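Student: I'd like to go through this structure with you. Can we start with the aromatic residues and then move on to the pockets?

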Amino acid sequence: MSSINFVNATYQRYTQIANAKTTVGSTQSFITAKTNAANRKNSMANNEESAVENYKKRHPDSRHIVDSQVNAGKAVLERNGVSDVSREDMTMEEYKQFITNLMNSIPFDVTQSNNIEVWSISEEGWEQMKKDSDYEAWVLGYTSQNRAVRNPFAGLMGNMGSFCTEKFGASIDEHIGQGVPMTTNTNTSAKDKNKKSWWQERNERYEEMVEELTKAIQLRHQFLRSKMMEQYEMQGQGLGSFQITNPISVDNLKWKTSKALQSYNFL
């Protein structure tokens with residue numbers, strides 16, 4: 001055998017061995033993942049009942065809906081290629097990040113594109129999800145189906161989407177979901193439309209203040225004029241025939257002036 005043929009034969013043999021090792025390693029990893037998933041389910045079966053099975057026993061009429069949600073959650077796992085990932089090897093912080101990434105991968109229907117959703121899971125809920133594969137799938141499946149709902153009122157009557165909160169606990173019964181529409185004020189009442197703005201009210205108060213001050217000044221001038229006439233009469237200046245109309249007292253003048261000045265605080 002020539003040296004060239006010998007090198008080629010050796011390289012082919014090395015490649016076959018390397019490929020065989022890689023195949024065996026991949027198979028072993030796949031088997032390990034399957035085993036971990038099976039152990040996870042067996043652990044729940046031996047130690048305690050799944051939160052999903054517990055709920056279905058107490059609410060048999062909802063069995064079909066719950067099963068649909070669990071299947072939707074499993075579809076989310078398959079879509080992300082993590083159906084057989086072992087949760088037992090994760091720390092709680094790693095698991096929380098793992099689920100958060102899955103939740104963020106679930107899309108919203110186009111009619112919910114303006115929605116703002118805030119979701120949270122209690123510490124007991126995290127513990128239950130980590131050990132209970134069906135409950136984990138239910139949380140993901142509920143979220144998937146809820147975000148896929150089509151909103152027929154999207155964009156109508158000032159509808160700008162909704163602010164939604166989803167709170168998950170350690171069981172299906174503990175789940176609380178709420179939504180508040182976010183709308184524009186396109187349907188305001190006639191009363192609201194006729195309501196004066198702050199600037200309009202301020203200008204009106206200012207005009208009233210000016211009017212009252214003007215009246216007060218006129219009253220003051222009238223009072224001073226009457227006093228002057230009285231002095232002239234007393235001094236015998238020949239103005240005794242002059243008649244002051246609408247005489248005013250000092251007390252009345254003070255009250256009028258004070259009232260006008262009080263309205264000066266219009267800011």
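Student: Is Tyr95 buried or exposed?
Tutor: This is a predicted model. In the model Tyr95 is buried, because its relative accessible area is 0% and anything under 20% counts as buried.

Student: And Trp126, buried or exposed?
Tutor: Trp126 is buried, with a relative accessible area of 6%.

Student: How many aromatic pairs are there in the whole structure?
Tutor: A search of the whole structure gives six aromatic pairs. One of them is Tyr95 with Trp126, whose ring centres are 6.2 Å apart with the planes at 85°, so that pair is edge-to-face.

Student: Which helices hold Tyr95 and Trp126?
Tutor: Tyr95 is in helix α4 (residues 92–105) and Trp126 in helix α5 (residues 123–131), so the pair ties together parts that are 31 residues apart in sequence.

Student: What about Tyr135 and Trp138, stacked or edge-to-face?
Tutor: Tyr135 and Trp138 are stacked, with 6.0 Å from centre to centre and 5° between the planes. Both lie in helix α6 (residues 133–147), three residues apart, which is about one turn of the helix. Both are also buried.

Student: Which residues form a cluster with them?
Tutor: Tyr142 and Phe168 join Tyr135 and Trp138 in one aromatic cluster.

Student: What does Phe168 touch further along the sequence?
Tutor: Setting aside neighbours within four places in sequence, Phe168 is in contact with residues including Met103, Ile121, Val139 and His175. Its cluster partners Tyr135, Trp138 and Tyr142 are among the contacts too.

Student: OK, the nonpolar core. Which residues touch the most other members of the largest one?
Tutor: That core has 24 residues, and Ile99, Tyr135, Trp138 and Phe168 touch the most other members. Helices α2 (51–58), α3 (63–79), α4, α5 and α6 each supply at least two residues of this core.

Student: Which helix gives the most to this core?
Tutor: Helix α6 does, with six residues. As a general point, nonpolar side chains in soluble globular proteins tend to be buried together.

Student: Switching to pockets. What volume does the second largest pocket have?
Tutor: The second largest pocket has a volume of about 220 Å³.

Student: How many residues line it, and which lie nearest its centre?
Tutor: Twelve residues line the second largest pocket, and Gln112, Asn115, Asn151, Ser162 and Cys164 lie nearest its centre. The lining divides into three nonpolar, six polar and three charged residues.

Student: Which element gives the most to that lining?
Tutor: Strand β2 (residues 159–168) gives the most to the lining of the second largest pocket, with four residues.

Methods
Residues numbered from 1 in each chain as written. Predicted model: local features only at pLDDT ≥ 70, side-chain atom pairs only at ≥ 80, totals over all residues. Heavy atoms only, no water. 1 Å grid on protein atoms, 1.4 Å probe; cavity = no way out; pocket = protein on both sides within 12 Å on 5 of 7 lines; lining within 4 Å. Points joined across faces, edges and corners; volume = space filled by probe spheres on them. Nonpolar A, V, L, I, M, F, W, Y, C, P; charged D, E, K, R; others polar. Phe/Tyr/Trp six-rings, centres within 6.5 Å; stacked < 30°, edge-to-face > 60°. Buried < 20%, exposed > 50% of the residue type's maximum accessible area, 1.4 Å probe, protein only. Core = buried A, V, L, I, M, F, W, Y, C linked by side-chain atoms within 4.5 Å. Contact = heavy atoms within 4.5 Å.
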